[in-house]
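Let's take a walk through a protein model together. Have the sequence and the 3D view open, and follow along at your own pace.

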Amino acid sequence: MASSAGRLDRLWQRGREFLGTDYAIMGGAMSWISERHLVAAISNAGGFGVIACGSMEPARLRAEIIATQEQTKRPFGVNLITMHPDLDALIDVCGQTHVSHIVLAGGLPSAAAIKRAKDTGAKVVCFAPALVLAKKLVRSGVDALVIEGAEAGGHIGPVATSVLAQEILPVMAEQLPIFVAGGIGRGEAIVSYLEMGAAGVQLGTRFVCASECIAHPNFKQSFIRAAARDAVPTTQVDPVFPVIPVRALYNQGSKRFIEFQHDIIRRYRAGELEQKEAQLEIEHYWAGALKRAVIDGDVETGSVMAGQSVGLVTKVQPCAEILSELLDQALGALASRSGLA
Ligand SMILES: Cc1cc2nc3c(=O)[nH]c(=O)nc-3n(C[C@H](O)[C@H](O)[C@H](O)COP(=O)(O)O)c2cc1C
């Protein structure tokens, strides 16, 4: 195991240096639940927690950052959604509270937003959904990239993690640290992406059932019961009315969403609704649905966002245990590669 440990150190050294952590494992920001408790627990256990700013306003974000700093002296990041109306003010809050890493998510950030974030002194991480965009982001001065595939929980792109990794890592990995996300639930997978050139990984789904995570017990139970195939993207019934794809556990809410779209489209065709109104109705269907599931525990009609790795979540356990399992699996994989197992 000793030489496996040395090998792992070398494989993810760049990621560890970039994050300032023991392990190059980011706990991907998850709206409502990536708050002080989960974030501090991941960072204290040697990973890298990330606060999900989601729809927080600047004062609330400031309070959350300060509360997290009180619970951990280790580095953590803040995830900001680029289309937030107060993005500039949120970036400024990160600067005033000396946040070391800002993750810009939810759409391609403008060059101005990247510059503002960098000017705070923070390292700036962005999501690259394709090679051309990865190159563009590097030109805009970002310090690291996350490439997240369609296996992930929450809002997703169309391309699988394995394909994005093959498309982007060989071309870009030498230029800047790249973290791979989506569908990673075990250490063996972490090693394989590191061997392809990734600096580290980002996991969300695997941390939902952390004992330190404030997700409602019903939400955690749904994760423990679910198989990979239960985590599906939202269904779109008509190409005229696009639906933003979100991967979540299929439930009554998902079923009703299909009926709801059919009903709205019928009313549009009957001339009862303008196209714009109909589109807005469809977009509003899921408003507040993640909070309803993850905080209030309504896992029937709420949105139980989960990645396909949900099938690998089997129990509630502390973050330290999750990370040490991942580490053992990674070391085991390296040992067996060199015939040491
Ligand atoms: C319940 C849930 C909520 C999420 N919310 C956000 C979010 O607010 N912002 C974001 O950038 N990513 C969000 N994500 C994505 C995660 O940060 C992470 O990238 C993803 O979960 C990694 O893939 P995995 O689920 O296969 O581990 C969310 C994921 C889940 C499961």
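**A guided walk through the model**

Let's begin at strand β8, residues 178–181, which is covered on both faces: I178 and V180 are buried on one side, and F179 and A181 are buried on the other. Keep in mind as you look that this is a predicted model.

Now look to either side of this strand. Strand β6 (residues 144–148) is joined to β8 by 4 bridges, and the two run parallel. Within that pairing, I147 stands opposite V180 in β8. Strand β9 (residues 200–203) also runs parallel to β8, joined by 3 bridges. Here V180 turns up again, with V201 in β9 as its bridge partner.

From here we can step across to helix α7 (residues 161–172), where you will find A165. Is A165 buried or exposed? A165 counts as buried because 22 C-beta neighbours lie inside 10 Å, and the cut-off for being buried is 20 or more. Which residues does A165 touch, once its neighbours within four places in sequence are left aside? They are I147, V180, Y193 and M196. You have already met two of these names: I147 and V180 stand opposite each other in the pairing of β6 with β8. A165 can also be placed relative to I178: these two residues are 13 apart along the chain, and their C-alpha atoms are separated by 9.5 Å.

Next, find strand β5, residues 123–127. How many of its 5 residues are buried? The count is 5 of 5. K123, V125 and F127 are buried on one side of β5, while V124 and C126 are buried on the other, so to speak, and both faces are covered. Strand β5 pairs with β4 in the parallel sense, over 4 bridges, and in this pairing I102 stands opposite V124.

Strand β4 leads us on to a helix. The buried residues of helix α4 (residues 87–96) are L87, L90, I91, V93 and C94. Why do they line one face of the helix? Looking down the axis of α4, you would see these buried residues fall within an arc of 155 degrees, so they line one face. What covers them includes α3 (58–71), β3 (76–81), β4 (101–105) and α5 (111–119).

Just after α4 comes H98, in the loop between α4 and β4. H98 has a positive phi of about 60 degrees although it is not a glycine. H98 counts as exposed because it has 11 C-beta neighbours inside 10 Å, and 12 or fewer is the cut-off for that class.

Another residue to look at for its phi is W32, in the loop between β1 (25–27) and α2 (36–44). W32 is not a glycine, yet its phi is positive, at about 75 degrees. With 18 other C-beta atoms within 10 Å, W32 is partly exposed. Q69, which lies in helix α3, also counts as partly exposed, with 15 C-beta neighbours inside 10 Å. The C-alpha atoms of Q69 and R36 are separated by 8.4 Å, although these residues are 33 apart along the chain.

Let's now turn to a small sheet. Three strands, in the order β7-β11-β10, form an open sheet with antiparallel pairing. Which strands are at the edges? They are β7 (154–155) and β10 (231–233), each of which pairs on one side only. The antiparallel pairing between β7 and strand β11 (residues 246–249) has 2 bridges, and H155 stands opposite V246 in β11.

Time to zoom out. The domain assignment divides the chain into domain 1 (2–210 + 318–337) and domain 2 (217–308). Their C-alpha centres lie 27 Å apart. Where the domains touch, 15 residues of domain 1 are in contact with 17 residues of domain 2. The side of domain 1 that touches domain 2 has 6 nonpolar, 8 polar and 1 charged residues.

Our last stop is the ligand. Of the 26 residues around it, G28, G153, G154, G204 and G307 come nearest. The shell around the ligand divides into 10 nonpolar, 13 polar and 3 charged residues. Which domains contribute to this shell? Domain 1 and domain 2 each supply at least three residues.

Conventions
Residues are numbered from 1 along each chain as its sequence is written. This is a predicted model: local features need pLDDT of at least 70, side-chain atom pairs count only at pLDDT 80 or more; totals for chains, interfaces and linings use all residues. The arc is that of the directions from the helix axis to the C-beta atoms. Two residues are in contact if their C-beta atoms, placed from the backbone, lie within 7 Å. A residue is near a molecule or strand if its C-beta atom, placed from the backbone, lies within 6 Å of it. Ala, Val, Leu, Ile, Met, Phe, Trp, Tyr, Cys and Pro count as nonpolar, Asp, Glu, Lys and Arg as charged, and the others, Gly among them, as polar. Domain bounds come from an automatic or database domain assignment. Two strands pair if DSSP finds at least two bridges between them.
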